[in-house]
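Hi there,

Here is the structure I promised to pass on to you. Have a look at it first, and then read on for what I found.

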Amino acid sequence: SPSGPTTITVTVTDNGNTNSGIGDDNSISIEFDIEVTPVNDEPIIDLVSDPAAILEDALEQTINLTGIGDGDPELTQTLSVTVTSSDTDIIPDPTVNYTPNSATGSLTYTPVADANGTATITVTVTDDGNTDGGVGDDNSYSISFDVEVTPVNDEPISDNQSLIAIEDIEKSITLTGSDGDPELTQTLTYILTALPSTGTLS
């Protein structure tokens, strides 16, 4: 919004010539000054729509940022952009790629391995308004969007074992493993794919 000094002129005019012989219309003017002090308007940035859901263990993702500005066309201010994640166990705080005072930038993130769910990403633009005397403190503006990470079925894990058996004495073996998905509950089935060269299994 415009700021600075401006002069107001007020003119009062009578209709003196309506009475014959009195003379022409007469007027008088006065002036006074008004000083409009600037305030630090909050910076601006375009909203970001929620991106399409990504699969667990997806590669690096990029989000473009546009419409970044200080909101004060009459001032010169330095802008910074910061980004945070609401759940760093799913999405770590993204990396910001931004050159101060540019209108565009970007951020990148990679989901945590084997993690799924939804994290809210908050982008904050901050100006340095208080560097201009009397303008006010720094001001900031934030937008947010959600990133959904969809689970995938990881392959199960079978624990390797080494044991010693005594000839002609039966030996019990307990097979162990995991489903590879700590966030899920799944039933495991064990299948023998190779038999020992000596002895029998039952």
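**Overall picture**

The protein exposes about 13700 Å², and carbon and sulfur atoms supply 50% of that area. Please keep in mind that this is a predicted model. Of the 202 residues in the protein, 24% are buried.

As for secondary structure, there are 11 strands and zero helices. Read from the N terminus on, the elements therefore run β-β-β-β-β-β-β-β-β-β-β, each of them a DSSP run. If you take the contacts between residues at least 6 apart in sequence, 61% of them join residues at least 24 apart.

**A three-stranded open sheet**

One piece you may like to display is an open sheet of three strands, in the order β4-β7-β6, with antiparallel pairing. Its edge strands are β4 (61-65) and β6 (95-97), each of which pairs on one side only. From one strand to the next, the twist averages 20 degrees.

Between β4 and β7 (residues 105-109), the antiparallel pairing extends over five bridges. One pair to look up there is Q61 with its bridge partner in β7, Y109.

Strand β7 also holds S106. Is S106 buried or exposed? With a relative accessibility of 13%, S106 counts as buried, because the cut-off for that class is under 20%. Leaving aside residues up to four places away in sequence, S106 touches T62, I63, N64 and L65, as well as T95, V96 and N97. The first four of these fall within the range of β4 (61-65), and the other three are the residues of β6 (95-97).

**Pairings of β9**

Next, there is strand β9 (residues 140-150), which pairs with strand β3 (residues 54-55) in the parallel sense over two bridges. In that pairing, L55 stands opposite T150 in β9.

How many bridges join strand β8 to β9? There are 10 of them, and β8 (residues 117-127) runs antiparallel to β9. To find your way along this pair, you can start from I121, which stands opposite F145 in β9.

As a general reminder, the strands of a sheet pair through backbone hydrogen bonds, in either a parallel or an antiparallel sense.

**A nonpolar patch on the surface**

The last item is on the surface, where I8, V10, V12, I28, I30, F32, I34 and V36 form a nonpolar patch. Together these residues have about 650 Å² of accessible area. The elements that give two or more residues to the patch are β1 (4-13) and β2 (27-36). Which of the elements gives the most to the nonpolar patch? That is β2, with five residues.

Two of the patch residues can be described further. I28 has its place in strand β2, and at 58% relative accessibility I28 counts as exposed, because that value is over 50%. I28 touches V10, T11 and V12, again not counting residues up to four places away in sequence. From C-alpha to C-alpha, I28 and V12 are 5.4 Å apart in space, while they are 16 residues apart in sequence.

I34 is likewise found in strand β2. With a relative accessible area of 36%, I34 is partly exposed. That value is over 30%, so I34 passes the accessibility cut-off for patches.

Enjoy exploring the model!

Best wishes

Definitions and conventions:
Residues numbered from 1 in each chain as written. Predicted model: local features only at pLDDT ≥ 70, side-chain atom pairs only at ≥ 80, totals over all residues. Heavy atoms only, no water. Patch = residues over 30% accessible without salt bridge, like charges linked within 9 Å, V, L, I, M, F, W, Y side chains within 5 Å. Areas by Shrake-Rupley, 256 points an atom, 1.4 Å probe, with all protein chains shown as cover. Salt bridge = Lys/Arg side-chain N within 4 Å of Asp/Glu carboxyl O. Helix = DSSP H or I, 4+ residues; strand = E, 2+ residues; numbered from the N terminus. Buried < 20%, exposed > 50% of the residue type's maximum accessible area, 1.4 Å probe, protein only. Pairing = 2+ DSSP bridges. Axes fitted to C-alpha atoms, helices over the stretch in contact; angles between N-to-C directions. Contact = heavy atoms within 4.5 Å.
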